[in-house]
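Welcome, and thank you for stopping by to look at this structure. Take a moment with the sequence and the 3D view, then read on for a guided tour.

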Amino acid sequence: MSKKNKFKTSIGDQTLRILTLLMAISVVVLMVWMGWEMFHAARPSIQKFGFGFITGRVWDPVKEQFGALPFIYGTIVTSLIALLLAAPIGLGVAIFLNEMAISKVRTVVGFLVEMLAAIPSVVYGLWGIFVLAPWLRETVQPGLAKWLGFLPLFQGTPVGFGMLAGGLILAVMILPTIAAISREVMAAVPNMQREAALALGATKWEMIRLAVLPYAKSGIMGGIMLGLGRALGETMAVTMVIGNRPDILPSLFAPAYSMAAVIANEFTEATYDLYLSALVEIGLILFGITLILNVFARLLIWSVAQGPKGGNLV
Amino acid sequence: MKSLRKSVNWIMLSIFIFATIIALIPLFGVLGYVVEHGFRALSLDFFLNLPKAMGLSGGGMANAIVGTLIMVLIASLIGIPIGILAAIYLTEYDRHSWLSVGVRFATDVLTGIPSIIVGIVIYTAVVLKMGNFSALAGGLALAIIMIPLIIRSTEEMLKLVSHSIREAGYALGISKGKTILRIILPTAAKGIITGAMLAVARVAGETAPLLFTALGNQYWARSLNEPMASLPVQIFQYATSPYKEWHQQAWAGSLVLISLVIILNLSARFAFRSRSN
């Protein structure tokens with residue numbers, strides 16, 4: 001190989017290397033830039049309202065009063081409903097697929113559960129408006145009010161649209177996330193663990209309870225946190241069924257509002273700078289919360305994927 | 001005692017099967033309603049015509065279908081190359097340094113942040129500065145959602161390429177760059193394409209990042225620098241409107257959107273299956 005030729009290839013090599021390096025760095029820059037851009041745009045609101053923004057209960061753009069508490073409340077309540085329903089069911093799905101199903105069933109059902117995640121959120125919203133909300137109004141909520149009506153959670157007029165509808169739809173949407181991550185970490189449990197349990201005479205359930213779940217526990221927690229992150233930031237489906245009223249009411253039947261929903265509905269109508277800034281600040285809070293959740297979740301999942309760290313079998 | 005353990009076993013296993021059935025009910029519920037209502041409202045007009053004024057029946061979403069395709073194309077042109085190149089850096093040049101850890105961290109964070117956040121950032125950074133809503137802004141927002149998805153899937157696929165193939169390249173005296181472009185990428189090509197198709201399917205259904213970037217348009221956009229209609233945004237506007245005719249259109253739009261997403265998902269799976277055989 002002549003010297004000239006070698007020089008040529010090394011220029012190509014360098015170009016590719018530098019190009020890939022730049023693209024890799026751009027991802028980090030993108031993340032930092034997004035945070036900074038939002039902080040910048042939210043600054044007028046942060047300076048004007050300070051911490052009171054988070055504790056303020058009144059959201060009145062006409063009087064330039066902005067308190068985000070109703071939205072934070074609606075977001076948290078709907079996400080908690082979603083978690084309470086989706087975490088056990090998602091875990092059940094993961095156990096069924098990983099530990100019980102034969103391989104054909106696993107492929108088909110696994111694909112179907114993934115399809116739940118593929119349906120666009122606006123289609124869930126459409127279904128929520130015309131199918132879920134009427135069903136809740138006519139069947140579920142009168143039933144709940146009849147049997148559990150002594151709880152403040154299930155009182156009030158059944159209108160269908162409200163926190164219960166939002167929570168239910170979120171449950172459907174985060175279930176595939178929880179199931180997928182739980183499957184992933186349960187698949188990382190070495191088969192020796194299972195065989196050891198079975199060899200000691202354990203039933204299948206005992207094997208799952210003693211050998212699989214303790215091992216995968218922190219990873220499953222990570223999956224649930226990722227699901228929570230998705231629920232907190234989910235926009236369209238919630239916007240379409242939550243009722244969009246900035247109230248803080250104890251009843252799950254009551255219409256409410258979520259952080260993402262208020263951004264989606266009012267952003268293009270924000271007629272003056274402070275209004276826009278307040279909406280961006282809600283977005284910034286959402287950004288911060290999901291960022292922290294994601295970091296914790298990834299650490300938990302990563303700790304399981306690393307494999308066993310010694311014989312601490314309980 | 002033994003029988004108690006056995007019954008507990010059966011009860012628990014039935015609960016898991018029951019959970020799986022419950023999880024699948026909404027899937028068939030949503031698909032069933034979309035297919036039933038969507039087919040009733042779907043016609044050739046839907047694909048060829050512009051939307052009619054509010055309250056009138058008929059009309060279509062031709063502009064929204066084309067708009068979705070255009071903005072997804074813009075997003076792919078930006079997102080796929082950036083994602084693949086970044087993934088090459090992570091697997092081929094630098095797997096373990098602090099920079100790679102940082103890039104992977106940023107990728108995870110970007111995957112996890114709500115898509116409406118991307119809409120906000122593009123609005124303040126692009127729409128406000130350009131002075132108008134545009135298809136370009138919409139495509140850019142979708143690209144930002146796409147990049148981390150492409151990086152993750154491409155990285156997984158490149159990691160599957162065995163080291164002996166890389167070493168064979170070097171042993172023949174082929175430069176590193178050429179080994180990557182001519183040997184490693186083609187080996188992983190099918191997997192990378194699969195990942196890209198899934199990312200396309202994902203952003204095609206995104207509504208939130210388009211609401212205040214591309215906005216929406218009842219007519220054809222004459223250039224990329226104008227507001228542009230898209231299927232998800234159009235479905236949202238029609239679904240939340242009080243008009244029955246528009247509700248029908250929303251179901252039809254959902255059927256088209258879901259078909260697009262499912263076809264992409266299925267063909268991505270099929271491509272991957274044929275690779276492993």
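## A tour of the two chains

Leu215(B) sits in the loop between helix H9 (208–211) and helix H10 (231–239) of chain B. Please keep in mind that this is a predicted model. Leu215(B) has a positive phi of about 65° although it is not a glycine. Most residues other than glycine have a negative phi. Is Leu215(B) buried or exposed? Leu215(B) is buried, because 21 other C-beta atoms lie within 10 Å and 20 or more are enough for a residue to count as buried.

Chain A offers a residue of this kind too. Asn244(A), which is not a glycine, has a positive phi of about 55°. Asn244(A) belongs to the loop between helix H9 (236–241) and H10 of chain A. Asn244(A) has 20 C-beta neighbours inside 10 Å, so it counts as buried.

Now let us step back and view each chain as a whole. The table sets out some overall values.

| Chain | Helices and strands | Span along the principal axes | Buried residues |
|---|---|---|---|
| Chain A | eleven helices, two strands | about 75 × 70 × 35 Å | 48% of 314 residues |
| Chain B | eleven helices, zero strands | roughly 70 × 70 × 35 Å | 50% of 277 residues |

Where do the strands come in the pattern of chain A? Read along the sequence, chain A runs α-α-β-β-α-α-α-α-α-α-α-α-α. Chain B, from the N terminus on, follows α-α-α-α-α-α-α-α-α-α-α.

Contacts within each chain can also be sorted by how far apart the partners lie in sequence. In chain A, 76% of the contacts with a separation of 6 or more are between residues 24 or more positions apart. In chain B, 74% of the contacts between residues at least 6 apart in sequence join residues at least 24 apart.

Next, some individual helices. Helix H6 (residues 135–160) of chain B has 26 residues, and from its first C-alpha to its last it reaches 37 Å, close to the 38 Å expected at 1.5 Å a residue. H6(B) has a kink of about 30° at Met146(B), shortly before the proline Pro148(B). Because 23 of its 26 residues are buried, H6(B) is largely enclosed by the rest of the structure.

One partner of H6(B) is helix H3 (residues 62–93) of chain B: the two axes come within 6 Å and cross at roughly 35°. H3(B) passes H6(B) in a right-handed crossing. The contact of H3(B) with H6(B) has 23 nonpolar, seven polar and two charged residues.

Helix H5 (residues 121–148) of chain A has 28 residues, yet its end C-alpha atoms are only 31 Å apart, short of the 40 Å that a straight helix would reach at 1.5 Å a residue. Where does H5(A) bend? The bend, of about 50°, is at Gly128(A).

Chain A also has a helix pair to look at. The axes of helix H10 (residues 259–266) of chain A and helix H11 (residues 273–305) of chain A come within 9 Å and cross at roughly 145°. H10(A) passes H11(A) in a left-handed crossing. From H10(A), the contact takes Met259(A), Ala260(A), Val262(A), Ile263(A) and Glu266(A), while H11(A) brings Leu279(A), Ile282(A), Gly283(A), Ile285(A) and Leu286(A). By class, this contact has eight nonpolar, one polar and one charged residues.

Finally, see how the two chains meet. Their contact takes 66 residues from chain A and 67 residues from chain B. On the side of chain A that touches chain B, the largest share, 19 residues, comes from helix H1 (residues 3–49) of chain A. By class, that side of chain A has 46 nonpolar, 15 polar and five charged residues.

For a single residue with contacts in both chains, look at Val93(A), found in helix H3 (residues 69–100) of chain A. Val93(A) counts as buried because it has 31 C-beta neighbours inside 10 Å. Leaving aside neighbours within four places in sequence, Val93(A) is in contact with Val113(A), Ala179(A), Ala19(B), Thr20(B) and Ala23(B). Val93(A) and Val113(A) are 20 residues apart along the chain, and their C-alpha atoms are separated by 8.7 Å.

Note on methods:
Residues numbered from 1 in each chain as written. Chains lettered and ligands numbered in written order. Predicted model: local features only at pLDDT ≥ 70, side-chain atom pairs only at ≥ 80, totals over all residues. Helix = DSSP H or I, 4+ residues; strand = E, 2+ residues; numbered from the N terminus. Expected span 1.5 Å × (residues − 1). Bend = angle between axes of the 7 residues up to and from the residue. Buried ≥ 20, exposed ≤ 12 C-beta atoms within 10 Å, placed from the backbone. Contact = placed C-beta atoms within 7 Å. Nonpolar A, V, L, I, M, F, W, Y, C, P; charged D, E, K, R; others polar. Axes fitted to C-alpha atoms, helices over the stretch in contact; angles between N-to-C directions. Left-handed = near helix turned anticlockwise from the far one by under 90°.
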